Amino acid sequence: MDLNSANLDISRLSDADKRDLQQQISNEMQKAKLQDYTCWTKCITGGISGGKLSSKEETCTQNCVERFLDANTAVLKHLEQMRGEIA
């Protein structure tokens with residue numbers, strides 16, 4: 001199933017599952033804010049001159065963002081599994 005076209009019917013979740021989902025979403029939003037800040041402070045070590053990152057900064061930032069996307073994909077897969085369990 002394509003996660004982008006998944007039509008999740010949240011109304012079918014139990015109250016406990018809804019609370020769990022809300023907590024997971026909140027956690028992911030907090031992680032996203034932290035990840036954005038962390039990638040920036042971890043990877044951007046010098047001044048940005050000429051509108052470009054150094055090759056080291058660019059590689060670090062790319063790897064950091066990819067790890068963030070991997071984490072989000074894992075959460076989406078978990079949510080899809082939860083959806084399959086209640087269907």
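Buried or exposed: which are Cys 43 and Cys 60? I looked up both. Cys 43 is buried, and Cys 60 is buried as well. I note at the start that this is a predicted model.

**Entry 1: confidence**

I checked the confidence before reading any detail. The protein chain has an average pLDDT of 79. A score of at least 70 is reached by 84% of the residues. I then looked for the weak stretch. Over residues 1-5, pLDDT stays under 50. The model has five contacts beyond four places in sequence for residues 1-5. I leave that stretch alone, because predicted coordinates should not be read in detail where pLDDT is low.

**Entry 2: overall make-up**

I listed the secondary structure next. The protein chain has two helices and zero strands. Helix H1 covers residues 15-43, and helix H2 covers residues 55-86. I looked up burial for the chain. Of the 87 residues, 15% are buried. I also took the surface. About 6,800 Å² of the protein chain is exposed, and carbon and sulfur atoms supply 53% of that area. Then I turned to contacts. I took those between residues at least 6 apart in sequence; 60% of them join residues at least 24 apart.

**Entry 3: disulfides**

How many disulfides does a search of the whole structure find? I ran through the result and noted two.

I took Cys 39 and Cys 64 to begin with. Their sulfur atoms are 1.7 Å apart, and the two residues form a disulfide. This pair links distant parts of the chain, with Cys 39 in helix H1 and Cys 64 in helix H2, 25 residues apart. I read the torsion about their S-S bond as about -85°, so the disulfide of Cys 39 and Cys 64 is left-handed. I checked burial at both ends. The cut-off for buried is under 20% relative accessible area. Cys 39 has a relative accessible area of 6%, so Cys 39 is buried. Cys 64 has 8%, so Cys 64 is buried.

I went on to Cys 43 and Cys 60. A disulfide joins these two residues, at 2.1 Å from S to S. This pair also links distant parts of the chain: Cys 43 sits in helix H1 and Cys 60 in helix H2, 17 residues apart. The angle about the S-S bond is -65°, and the link of Cys 43 and Cys 60 is left-handed.

What pattern do the disulfides of the protein chain follow? I counted the bonded cysteines along the chain. The pattern is 1-4, 2-3.

**Entry 4: polar residues of H1**

I picked Glu 28, which has its place in helix H1. Its relative accessibility is 15%, so Glu 28 counts as buried. What does Glu 28 touch, not counting residues up to four places away in sequence? I found Asn 72 and Val 75.

I did likewise for Gln 24, which lies in helix H1. Its relative accessibility is 18%, so Gln 24 counts as buried. I left aside its neighbours within four places in sequence. Gln 24 is then in contact with His 78 and Leu 79.

**Entry 5: salt bridge**

I searched the whole structure for salt bridges and noted one. It is a meeting of the side chains of Arg 67 and Asp 70, at 2.8 Å from N to O. Side chains of opposite charge can pair when their charged atoms come close. Where do Arg 67 and Asp 70 lie? I placed both in helix H2, three residues apart, which is about one turn of the helix. I checked accessibility too. Arg 67 has a relative accessible area of 47%, so Arg 67 is partly exposed. Asp 70 has 43% relative accessibility, so Asp 70 counts as partly exposed.

**Entry 6: two C-alpha distances**

I looked up Leu 69, which lies in helix H2. Leu 69 counts as partly exposed because its relative accessibility is 45%. I took the distance from Leu 69 to Ala 32. These residues are 37 apart along the chain, and their C-alpha atoms are separated by 9.7 Å.

I closed with Asp 9, found in the segment before H1. Asp 9 counts as partly exposed because its relative accessibility is 38%. The partner I looked up was Arg 83. Asp 9 and Arg 83 are 74 residues apart along the chain, with 8.2 Å between their C-alpha atoms.

Methods
Residues are numbered from 1 along each chain as its sequence is written. This is a predicted model: local features need pLDDT of at least 70, side-chain atom pairs count only at pLDDT 80 or more; totals for chains, interfaces and linings use all residues. Side-chain values use heavy atoms; hydrogens and water are left out. A disulfide is a pair of cysteine sulfur atoms within 2.5 Å. Helices (H or I, at least four residues) and strands (E, at least two) are DSSP runs, numbered from the N terminus. Buried means under 20% relative accessible area, exposed over 50%, partly exposed in between (1.4 Å probe, protein chains only). Contact means heavy atoms within 4.5 Å. Accessible areas come from the Shrake-Rupley method with a 1.4 Å probe; for residues, only the protein chains shown count as cover. pLDDT is the predictor's confidence in each residue, from 0 to 100. A salt bridge is a side-chain nitrogen of Lys or Arg within 4 Å of a carboxyl oxygen of Asp or Glu.
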